[in-house]
Amino acid sequence: MRFNFPIIESVCGKLIQLLTDPKICNGGIDTKQLCQKYTMDVVANCVMGLEANSLSSSDSVFMTNITKIILPNIITNVKINLAFFIPPLTNILNVSRFIPEDVGNYFKTIVAKTIEYRIKNKVERKDFLNI
């Protein structure tokens, strides 16, 4: 975790810049959304080495896909509850996917492209993807 500190510090610097911007502060701040965006930027940077830009963008693709995982729809909630409370029924009904297919494909593509780029350009970052 210590190797992630510079990455977290960098994202924190962006958060501080955002909070000191008078245009944003004078209009009021949704702290819950701000904390979510900060967390998404830290996770994207520390885990996958990606600049998600959730803090600077109101509609980040990364944030949109993460939200689909964090706030699942009713069908996904039913699948998760079936798997948790009645696991044999999950096998009978062939319920195996808890993350929407488009979201899973998005993250698989992002990780594959990041790995390919790092190998091709000999980039080494201190994040979990590099471990």
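This is a short talk on the helix packing, the nonpolar cores and a few individual residues of one protein chain.

Hi everyone, and thanks for coming. Before anything else, please keep in mind that this is a predicted model.

Let's begin inside. Which residues make up the largest nonpolar core? It has 11 of them: Met-40, Ala-44, Met-48, Leu-50, Ala-52, Phe-62, Met-63, Ile-66, Val-103, Phe-107 and Ile-110. Three elements give two or more residues each to this core, namely helix H3, spanning 31–48, helix H4, spanning 61–70, and helix H7, spanning 101–121. There is also a second, separate core of 8 residues, and its members include Ile-7, Leu-15, Leu-34 and Cys-46.

If you'd like one residue to click on, try Phe-107. Leaving aside residues up to four places away in sequence, Phe-107 touches Met-48, Phe-62, Asn-65, Ile-66 and Ile-69.

That takes us to the pairing of H4 with H7. How do these two helices sit against one another? Their axes are 10 Å apart, and the packing angle is about 135 degrees. An angle over 145 degrees would count as roughly antiparallel, so H4 and H7 come out as oblique to each other. As for handedness, H4 passes H7 in a left-handed crossing. On the H4 side, the contact is made by Val-61, Phe-62, Asn-65, Ile-66, Lys-68 and Ile-69, and on the H7 side by Asp-102, Val-103, Tyr-106 and Phe-107. Sorted by class, the residues of this contact are 7 nonpolar, 1 polar and 2 charged.

Now for another pair, H1 and H3. What is the angle between H1 and H3? It is about 150 degrees, and the axes are 9 Å apart. That makes H1 roughly antiparallel to H3. Here the crossing is right-handed. H1 brings Ile-7, Ile-8, Val-11, Cys-12, Leu-15, Leu-18 and Leu-19 to the contact, while H3 brings Leu-34, Tyr-38, Asp-41, Val-42, Asn-45 and Cys-46. By class, that contact has 11 nonpolar residues, 1 polar and 1 charged. You may recognise some names, too: Ile-7, Leu-15, Leu-34 and Cys-46 are the residues I mentioned from the second core.

A word on cysteines, for those of you who like to look for them. Cys-12 lies in helix H1, which covers residues 5–20. Is Cys-12 buried or exposed? Its relative accessible area is 28%, so it is partly exposed. The C-alpha atoms of Cys-12 and Phe-84 are separated by 37 Å, with their positions 72 residues apart along the chain. Cys-35, for its part, is in helix H3. At 49% relative accessibility, Cys-35 also counts as partly exposed, because the exposed class begins over 50%. Cys-35 and Leu-55 are 20 residues apart in sequence, and their C-alpha atoms are 9.2 Å apart in space.

Next, a stop at helix H2, residues 22–25, where we find Ile-24. With a relative accessible area of 30%, Ile-24 is partly exposed. Not counting residues up to four places away in sequence, Ile-24 touches Leu-18 and Ile-29. From Ile-24 to Lys-120 the C-alpha separation is 40 Å, and the two are 96 residues apart along the chain.

Last, some backbone geometry. Most residues other than glycine have a negative phi. With that in mind, where do we find positive values here? One of them is at Asn-53, whose phi is near 55 degrees. Asn-53 is in the loop between H3 and H4, and at 35% relative accessibility it counts as partly exposed. Another is at Lys-122, which is not a glycine either and has a positive phi of about 50 degrees. Lys-122 lies in the segment after H7, and it is exposed, with a relative accessible area of 76%.

To wrap up, if you open the model this afternoon, here are two places to start. One is the left-handed crossing of H4 with H7; the other is the right-handed crossing of H1 with H3. Thanks for listening, and I'm happy to take questions.

Key. Residues are numbered from 1 along each chain as its sequence is written. This is a predicted model: local features need pLDDT of at least 70, side-chain atom pairs count only at pLDDT 80 or more; totals for chains, interfaces and linings use all residues. Side-chain values use heavy atoms; hydrogens and water are left out. A nonpolar core is a set of buried Ala, Val, Leu, Ile, Met, Phe, Trp, Tyr and Cys residues joined through side-chain atoms within 4.5 Å. Buried means under 20% relative accessible area, exposed over 50%, partly exposed in between (1.4 Å probe, protein chains only). Helices (H or I, at least four residues) and strands (E, at least two) are DSSP runs, numbered from the N terminus. Contact means heavy atoms within 4.5 Å. Axes are lines fitted to C-alpha atoms, for helices over the stretch in contact, and angles run from 0 to 180 degrees between N-to-C directions. Angles under 35 degrees count as roughly parallel, over 145 as roughly antiparallel, 65 to 115 as roughly perpendicular and the rest as oblique. A crossing is left-handed if the near helix is turned anticlockwise from the far one by less than a right angle, and right-handed if clockwise. Ala, Val, Leu, Ile, Met, Phe, Trp, Tyr, Cys and Pro count as nonpolar, Asp, Glu, Lys and Arg as charged, and the others, Gly among them, as polar.
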